[in-house]
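User: Please take a close look at the nonpolar core of this protein and the ring contacts that go with it. I would like one connected account.

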Amino acid sequence: MDILDSLLEAELAEPNFDFTIMGSFGSFHTKNSFEVNYMLCSMNYKEIKTLQVAADAFQFSQVNFDEMVQREIDEKRVNEEIVGQYLEDDLNRALFFPPLIVSLVSFSDDDKPVHKYRKSRELIDEEKPVKVFKKRWDRYFEVEMPVIDQGIDYYKSDYYGNITIYKNAVKLRGDSKNVKLVVIDGQHRLKAVEEYIRRHNEQKDFITLPVCICFSPKAMAENGPEDILDTLRNMFVTINNKGKQVSGHYLDLLNDNSLASQTVRSLANMWKKERQDSLYSKLQFMEWNQRSDSQSRRVNRAHSITTVSMLAESLRVSVFESRKSSNLDKILRLTEDKTEFYDPELSVYDIREDHFSYKQKDALYNILEQRVVPSLDILFTEPSVFKKKISSYNAAISDCYERSQKSQPGYSSFIDIMRRFGDVDKKMHSDETVSASNSFYKYIYANEHAENYTRLVFNQAYLRAWADLMCVSHHFLDNVEDYTRMYINSLEEVCFDERRQVFSKSRIYNQNTLYKGAKPNTTIMGKDSWYHLLMMTILSGDSLKKIKEYLESRHDTNHDFDKVIDRLTRSKNSFIEVLRDVIHKDNLQNWKVKDYPSSFRRELADCEARGDNEQIAELLNQWSKEQLNQRLVLLSNVIEIDVIPSER
């Protein structure tokens with residue numbers, strides 16, 4: 001052994017590797033993918049205690065939001081479905097779990113997850129009875145594999161080249177103080193086995209779990225862009241993408257090929273960093289851990305303002321992929337400095353929400369953080385309707401916290417659940433905890449008015465209008481945050497005014513436009529109607545005054561203000577046109593069951609008896625015009641603008 005090898009061996013001996021796992025070693029990668037090393041092994045009831053789910057491995061203060069890579073544990077699924085309906089209902093059948101997929105996650109001295117290793121070291125120890133190859137990553141962990149003269153299994157060493165190994169007797173050693181084994185697929189299976197052993201301790205000796213431990217061997221600064229936690233996130237999405245239990249929130253959060261997803265992650269991370277105590281974090285107002293796809297695109301908690309999936313979808317379809325295809329380029333100003341986004345394989349003009357190269361990724365993420373994320377923070381915290389909800393939450397949670405400090409029954413457990421961004425379930429939690437939860441929600445600002453602004457259809461209209469108006473003037477694009485505050489101030493006059501109830505389902509002009517019956521209209525026409533009505537509210541005198549003053553302060557000579565008026569007027573005309581069409585269509589299709597005045601009904605009946613369909617159509621057309629005028633008069637009074645129906 002030469003001096004270099006001796007030094008490397010001494011360095012390898014320095015760390016305190018206090019755990020060893022043996023198994024079968026492998027490597028997986030394609031020509032263009034990052035390499036993943038893995039070890040297949042089995043773990044008994046003692047060894048599985050070394051495994052952790054993400055919620056336990058990563059504390060709120062330790063990680064950025066995008067490092068919260070995994071779903072919360074669904075205790076009902078664990079206890080009722082997996083333990084109760086599978087493990088305990090085991091008569092006359094075989095039971096088996098597929099392997100848990102576990103990631104080897106290293107933590108730095110300041111207790112933060114490591115994104116890249118500083119270095120790796122290799123040596124071949126020829127003094128042992130069987131020659132072994134060792135490779136160590138910093139001081140975190142190492143692998144040791146027997147080297148044989150002949151075989152078909154190889155390890156590609158950075159220093160020694162291809163080494164023939166005996167793959168079925170490989171050792172993984174690590175320092176448990178700095179390395180955690182985090183389950184990225186199978187956490188519910190793990191928790192179910194732990195619960196089953198707790199209930200049936202006498203059977204623990206007969207239960208071992210198959211485990212596959214993975215890590216990124218090439219994730220070092222000298223090797224380029226590979227990131228340990230990015231790889232972990234990608235593996236999670238790949239493994240769970242088709243699983244029926246995967247929440248839509250996480251598929252949106254973990255999508256690395258979406259500017260909308262990255263924007264939401266950045267906003268969530270900004271909110272997370274503002275407060276160390278998760279109880280008072282703005283993340284309480286953005287739902288991000290719902291398990292059900294059906295719940296991911298609606299708010300489910302009275303104190304929520306939006307959700308990860310609502311926001312990602314709204315950004316994707318209403319901002320970055322707007323019908324005005326230039327919005328993405330204008331908002332991010334992609335073509336103003338082409339050098340920053342230069343890639344010979346993908347022109348800056350071809351960048352789309354889900355189409356950009358790896359070389360352009362960091363520059364795009366940076367510009368999103370500068371130009372979009374701060375404004376989203378403003379959009380979802382500064383409007384009066386959201387401020388009221390936030391204020392009511394803070395007051396209610398402070399009251400509950402004080403009660404928990406006084407040991408009032410149920411409040412301590414309720415506070416713990418809220419700190420984990422969880423929900424109280426009356427089937428799982430104590431009556432006292434449910435009572436504390438009910439007491440909390442009694443004081444949250446929630447009514448029909450507030451509910452309208454937390455709908456996906458409003459979310460999309462709100463961001464679409466924000467983006468479309470921004471792109472009207474370079475004065476808006478020059479300072480997006482100032483523009484955003486002006487945009488909100490203009491909406492406060494009418495759109496957010498609780499007295500006006502602009503978007504209420506009880507407003508007759510909203511029937512068959514914004515709503516179908518009692519439910520929001522989610523068709524293309526319905527979403528357009530929400531957008532056009534929101535834009536119309538800005539045509540009121542006080543709202544327009546805010547925009548005019550803003551542009552005048554930037555020395556605009558009314559040219560851009562005229563373009564704003566034109567844009568808003570087009571929305572007004574579009575809404576009126578849709579309203580006219582839906583009223584007329586409704587009368588034509590349903591006139592036989594409509595509650596018309598008796599005289600008008602008799603007149604229609606006489607026409608029908610004569611078979612005079614043309615006269616019926618003419619009568620219904622006149623009736624539709626009268627209804628349209630009635631609804632437009634109401635609309636004019638509510639939003640305080642002149643609404644004149646345009647004749648065909």
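Analyst: In this predicted model, the largest nonpolar core holds 117 residues. The residues with the most contacts inside this core are F380, Y462, W466, Y487, F503 and L534. Helix α17, spanning residues 456–470, gives the most to the core, with ten residues.

Y462 shows what such a position looks like at the level of individual contacts. Leaving out residues up to four places away in sequence, Y462 touches L379, F380, P383 and F386. The list for Y462 also includes Y487, I488, L491, F496 and L534. Of these partners, F380, Y487 and L534 are also named among the residues with the most contacts inside the core.

Apart from this core lies another one, of 48 residues; I21, V83, V211 and M220 are among them.

Turning to the rings, the model has 34 aromatic pairs. One of them joins W288 and F421 in an edge-to-face arrangement, with 5.3 Å from centre to centre and 65° between the planes. This pair links distant parts of the chain, its members being 133 residues apart. W288 is in the loop between β13 (286–287) and α8 (293–296), while F421 is in the loop between α14 (411–419) and α15 (431–441). Both W288 and F421 are buried.

Rings also have lysines as partners. The charged end of K180 sits over the ring of F107, at 4.6 Å from the ring centre. For K204, the charged end sits over the ring of Y45, 5.3 Å from the centre of that ring.

Notes. Residues numbered from 1 in each chain as written. Predicted model: local features only at pLDDT ≥ 70, side-chain atom pairs only at ≥ 80, totals over all residues. Heavy atoms only, no water. Core = buried A, V, L, I, M, F, W, Y, C linked by side-chain atoms within 4.5 Å. Buried < 20%, exposed > 50% of the residue type's maximum accessible area, 1.4 Å probe, protein only. Helix = DSSP H or I, 4+ residues; strand = E, 2+ residues; numbered from the N terminus. Contact = heavy atoms within 4.5 Å. Phe/Tyr/Trp six-rings, centres within 6.5 Å; stacked < 30°, edge-to-face > 60°. Lys NZ or Arg CZ within 6 Å of the ring centre and 35° of its normal.
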